[in-house]
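Q: Could you show me how to read domains and ligand surroundings, one feature at a time?

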Amino acid sequence: MKSSDPEGFRRTACTCDCPDACALRLEALPGGGFRVRGDPDSPFTRGAACAKIRRHLRRLNHPARILAPRLKTARGWRDIGWEEALDRAAEAIQSLRREPAAILHIAGDGAKGVLKEAVNLFFAALGASRTRGSLCDAAGYVAGVLDFGSRENNDIEELARARSIALWGKDLQRSSLHTASLVHRARRAGAEVVSISPQGEENRPFADRRIRIRPGGDRFLAAAVLRRLLDEGALPEERFACTRGGEAFRRVLAGRTTAEWLAACDVPPAEAEALARLYRDGGPVATVIGAGLQRVLHGGEAVRWIEALAVLTGNLGRAGAGVYFHLHSFHNLELGWTRGPDPGRRRAFPIADIGGAILAAADPPVRLLWVNGCNIVNQAPDSERTAAAFSRVGFTIVVDAFPTDTAERADLVLPCTLMFEQEDVVGSFLHEYVQHAAAVIAPPPGVRDDYTIVREIARRLDPPVPLPEPEECLRAALRSPWLETSLEELRARGAVRSRRPAIAYEGLRFAHPDGKCRLPAAIHDEEPAPAGYPLRLLSLVRGGAIHSQMLPEEQEIPPAAWIAPESPGLAGIDPERPVALVSPLGRMPVRLRRLAGLHPEAVVVRRGTWMRLGGGINRLIAARVTDIGGGAAFYAQFVRLEND
Ligand SMILES: Nc1nc2c(c(=O)[nH]1)NC1C(S)=C(S)[C@@H](COP(=O)(O)OP(=O)(O)OC[C@H]3O[C@@H](n4cnc5c(=O)[nH]c(N)nc54)[C@H](O)[C@@H]3O)O[C@H]1N2
Ligand SMILES: Nc1nc2c(c(=O)[nH]1)N[C@H]1C(S)=C(S)[C@@H](COP(=O)(O)OP(=O)(O)OC[C@H]3O[C@@H](n4cnc5c(=O)[nH]c(N)nc54)[C@H](O)[C@@H]3O)O[C@H]1N2
Ligand SMILES: [Mo]
């Protein structure tokens, strides 16, 4: 940042794994130094950025940051020069050129951007193994694709035109500042807002009505409301005209009474009645679905039943209505080329059970692991098994900036640049802007960006793997049918809006070849709690930090665990003595806190604390895969409290 910048500020964009993808300004302060704030000129960001940005600035200069490549030796870590590090990495890859499936590439969203995706091109060109599914939103995403033929939203700014908003498991206070502000604006303009969550009081400042639900109960609540509406004749035949599968769907719906559906989700009839009124008479209703509720075994089904409710009550395909769920972060960019010529032929490992899959791999086993932008040991289920898999693989390379639980288990750590230190182009999984993330802060000497690292290695191979210049990647990504811009224009303006229409599935015409929406044909019961483990473990996002991207001194250890004061899980527990959360996989000491309004069968922790400090909730969570999409069913885990 130079104070000589003509405007006194420099424009960039947030590349965090966060829906808001804020437009930012780095502003020079009069006494020297700078600050980062939301860009007031951005129509979406509107000058507001969140606490994650300040935390990120602290990370950039923190003493824990890794500033030279690190090699694990028998006597511990040794800092080495980049030439040696790149030679070693190239040698390891070269030795597997004839058996590329023995290389496994795991990529996360530590920083989002086209050049992060471009790293995949290298591994695709090698023919390396990759991952499939996602730790985040795969069940709900694929549910949308099954229902509608694609996953599209009305423009999020259309929320302002909703007469009612139903928040299904959406944490407005923590997960998306700008969704919160849009909901707030809609409410000020008269919209009625309902929030459905196991944390009864969640979204209190934003919602007129709060419905407390049993974790994993959403599909039953949607069915209860639909059954009610069916019984009172509010779902006439013509509502089904835009759908396929209506007959099987109605059969399932008729299989239980409204009261029976409600018993399955533990919602009182009056609340379901209010929700039925909202969907019947309160339109246009915008349905906003969080990702938490699809992290259960039947998470895909949950989203499909909520989507069915929106479609059959006419609350889709028009202004102010619609179902909102995560979009694809790169839906407005062209990134097909990063997948290489034949992605289907590469071996794919389920990310939701990555440790188990690596341990089970044969023909060939995994001999080399490359991880970038992902704290997989900490963030994927069953951390101990992932750690065991790491020690089984011959050589592991992790590209990161901090000694995370994953980097600690690598053989070679390559230190990377971070947000603000690297140029990129980003999309959003919430809004329709594509933005230029300018490099606005000089990186410390000794670190390199992910794409430069793989290009250096690709050059060293025999034969070398040709990879395009970074600028060429950015230009290729902008050649999207949804954009009309150039890299020059984007650099100058900072952001462009895509040409996508504001209304998705307008007139209830869907993306399936026949134009019809699909209705779910089944609904599965939830698994009962296993004997001795009465509490459902909800490992939720924390305010102010993204996933595990915290500094050691910012972590509360033992981590807090919240429970309803009346929870049967407290029976026999002496809260004055040390308490631990226990699952069949392990135990974690916690600080017990009471949370009035929380469902008594649930216990809440905030995810992201580090294992090596005594945190790491995924040590307790079994690797189970969701019904569709290959998602991770983190919230299917049952636990108990125990005095130490
Ligand atoms: N128990 C439980 N676990 C969960 C979830 C849950 O609900 N419950 N949900 C999860 C969700 S929503 C998600 S999205 C995933 C997140 O899983 P991860 O993507 O693994 O999450 P992060 O902790 O953000 O790890 C990203 C890492 O990338 C590094 N990094 C930052 N910038 C860069 C860069 O430019 N280059 C490189 N190479 N590295 C960089 C950071 O330092 C950090 O260590 O996991 C989830 N894990
Ligand atoms: N501050 C911050 N913001 C973030 C992130 C972060 O790490 N930190 N991560 C970003 C990413 S990658 C993601 S995916 C999103 C995370 O956003 P989400 O995945 O949506 O967040 P969660 O906290 O996992 O779950 C959201 C809410 O769902 C509720 N919930 C849990 N189970 C159920 C259920 O069975 N039914 C219902 N109705 N509700 C349920 C919980 O009360 C919770 O508050 O946030 C993004 N924003
Ligand atoms: Mo996520």
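The dialogue below goes through the domains and then the two ligands.

A: Please keep in mind throughout that this is a predicted model.

Q: Into which domains is the chain divided?

A: One begins with the bounds, which here come from an automatic or database assignment. The chain is divided into domain 1 (9-60), domain 2 (70-135 + 330-497), domain 3 (138-325) and domain 4 (535-643), and domain 2 is written as two segments, 70-135 and 330-497.

Q: How far apart do the C-alpha centres of domain 2 and domain 3 lie, and how many residues does the contact take from each of them?

A: A distance between centres and a count of contacting residues are read side by side. The C-alpha centres of domain 2 and domain 3 lie 36 Å apart, and the contact takes nine residues from domain 2 and eight residues from domain 3.

Q: Which residues come nearest to ligand 1, and from which domains does its shell draw at least three residues each?

A: For a ligand, one reads the surrounding shell, counting residues with a heavy atom within 4 Å. Around ligand 1 there are 32 residues, of which Asn375, Gln379, Asp400, Asp450 and Ser548 come nearest. The shell draws at least three residues from each of domain 2 and domain 4, and by class it has eleven nonpolar, 13 polar and eight charged residues.

Q: Which polar atoms of the protein lie by ligand 1, and what percentage of its accessible area does the protein cover?

A: Here one asks whether the protein atom belongs to the backbone or to a side chain. A nitrogen atom of ligand 1 is 3.1 Å from a polar backbone atom of glycine 373, whereas oxygen of the ligand lies 3.2 Å from a polar side-chain atom of glutamine 422 and 2.9 Å from one of glutamine 549. The protein covers 96% of the 920 Å² of accessible area that ligand 1 has on its own.

Q: Where does ligand 2 sit, and which residues around it come nearest?

A: The same reading begins with the site and continues with the shell. Ligand 2 sits in the largest cavity, and of the 32 residues around it, Glu202, Gly216, Asp218, Ala545 and Tyr635 come nearest. By class, this shell has 13 nonpolar, ten polar and nine charged residues.

Q: Which backbone atoms lie by oxygen of ligand 2?

A: Oxygen of ligand 2 is 2.7 Å from a polar backbone atom of glycine 216, 2.9 Å from one of alanine 291 and 3.1 Å from one of valine 541. The protein covers 99% of the 890 Å² of accessible area that ligand 2 has on its own.

Definitions and conventions:
Residues numbered from 1 in each chain as written. Chains lettered and ligands numbered in written order. Predicted model: local features only at pLDDT ≥ 70, side-chain atom pairs only at ≥ 80, totals over all residues. Heavy atoms only, no water. Polar contact = N/O pair within 3.5 Å; in protein donor to acceptor, adjacent residues only side chain to side chain. Areas by Shrake-Rupley, 256 points an atom, 1.4 Å probe, with all protein chains shown as cover. 1 Å grid on protein atoms, 1.4 Å probe; cavity = no way out; pocket = protein on both sides within 12 Å on 5 of 7 lines; lining within 4 Å. Sits in = over half its atoms within 2 Å of the grid points. Nonpolar A, V, L, I, M, F, W, Y, C, P; charged D, E, K, R; others polar. Contact = heavy atoms within 4.5 Å.
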